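Reader: I would like to go through this model step by step, beginning with one pair of residues and working outwards. Could you take my questions in turn?

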Amino acid sequence: MTITRLILVRHGETDENSYHYYLGHYDAELNDKGRKQLRVLTSKLKNKGEQIDVIYSSDLSRANESARMIGEEFQVKPLPVFSLRELNFGDWDCKTYEDIKLDDQNQLEMWVNNPYKTAPPNGESLLQLGERIDNWLQQICSTKGRNETILIVSHGGPIRWILSKWVMGDSNEFWKVEGVGHGKGIIIDFDQQTGIFTIVDRL
């Protein structure tokens, strides 16, 4: 059996997250709570005896710092990847739902009704997010060897896409899958022979 283990980690909390802003490509940094979340997660990984071979991270600061905190403990230097960024919210970045509703209610309703094909102004649709995630993940899964463990630090949107599209086999399940909280993770095994992704544990 040829298994590649994927550990998906969502970055720790930022101030913008705590204010319930839509947070996409805006380069927010972790807050103290977010750093504490990552220390707890790193301890869980160490206690489980996971051996991490490579770390990939969104190149945004909140994910990159999260990845570095884990990497320091496992002596692995994270590799930044643009494709692992959160959905680009464009003009809505760092705004609350209520603010957007006041300024752009019609476009907001269109996006809520069909986020797969509708994008925020100057942003990207869910299908565009999915395309960059799919292209990158397909390449990784086809080139990595057996029994390797890959840790991926990303954001809520990309992780939901991977869980719905790759684990459940249906991207339409995006809003129905159980997501991953800030500073949390999920362990998935990928069988290269069958192409099946299986959830092993949550962190």
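Author: In this predicted model, a good place to begin is strand β2, where Tyr56 stands opposite Leu79 in β3.

Reader: How many bridges join β2 to β3, and which residue is the bridge partner of Ser58?

Author: Strand β2 covers residues 54-58 and runs parallel to β3, the two being joined by three bridges. Besides the pair formed by Tyr56 and Leu79, there is a bridge in β3 whose partners are Ser58 and Val81. The number of bridges is thus three, and the partner of Ser58 is Val81.

Reader: Which residue of β4 stands opposite Ile55?

Author: Strand β2 is also joined to β4, by four bridges, and these two strands run parallel. Within that pairing, the residue of β4 that stands opposite Ile55 is Leu151.

Reader: Are the residues of β2 buried or exposed, and which of them point the other way from Val54, Tyr56 and Ser58?

Author: Strand β2 is mostly covered, with five of its five residues buried. Val54, Tyr56 and Ser58 point one way from the strand, and like the residues on the other side they are buried. The residues that point the other way are Ile55 and Ser57.

Reader: What is the order of the strands in the sheet, and which strands stand at its edges?

Author: The sheet is open, has six strands with mixed pairing, and follows the order β3-β2-β4-β1-β5-β6. Because β3 (79-81) and β6 (196-202) each have a single partner strand, one side of each is left without a neighbour in the sheet. From one strand to the next the twist averages 25°. The edge strands are therefore β3 and β6.

Reader: Which strands does helix α3 touch, and what angle does its direction make with that of β2?

Author: Helix α3, residues 61-74, packs on the sheet, where it touches β1 (3-10), β2, β3 and β4 (149-154). The angle between its direction and that of β2 is about 160°.

Reader: Where is Gln75, and is it buried or exposed?

Author: Gln75 has its place in the loop between α3 and β3, and its phi is near 55°, a positive value in a residue other than glycine. Its relative accessibility is 75%, and the cut-off for the exposed class is over 50%. Gln75 therefore counts as exposed.

Reader: How do the axes of α5 and α6 cross, and how do the residues of their contact divide?

Author: The axes of helix α5 (residues 126-143) and helix α6 (residues 156-167) come within 10 Å and cross at roughly 70°, which makes α5 roughly perpendicular to α6. Among the residues making the contact are Leu126, Ile133 and Leu137 of α5, together with Trp161, Ile162 and Trp166 of α6. The contact residues divide into nine nonpolar, three polar and two charged.

Reader: How many residues of α6 are buried, and against which elements do they pack?

Author: Helix α6 reaches 15 Å from its first C-alpha to its last, close to the 16 Å expected for its twelve residues at 1.5 Å a residue. It is mostly covered, with nine of the twelve residues buried, including Gly156, Ile159 and Leu163. These nine buried residues pack against β1, α5, β4, β5 (185-191) and β6.

Terms used. Residues numbered from 1 in each chain as written. Predicted model: local features only at pLDDT ≥ 70, side-chain atom pairs only at ≥ 80, totals over all residues. Heavy atoms only, no water. Pairing = 2+ DSSP bridges. Axes fitted to C-alpha atoms, helices over the stretch in contact; angles between N-to-C directions. Contact = heavy atoms within 4.5 Å. Parallel < 35°, antiparallel > 145°, perpendicular 65-115°, else oblique. Nonpolar A, V, L, I, M, F, W, Y, C, P; charged D, E, K, R; others polar. Expected span 1.5 Å × (residues − 1). Buried < 20%, exposed > 50% of the residue type's maximum accessible area, 1.4 Å probe, protein only.
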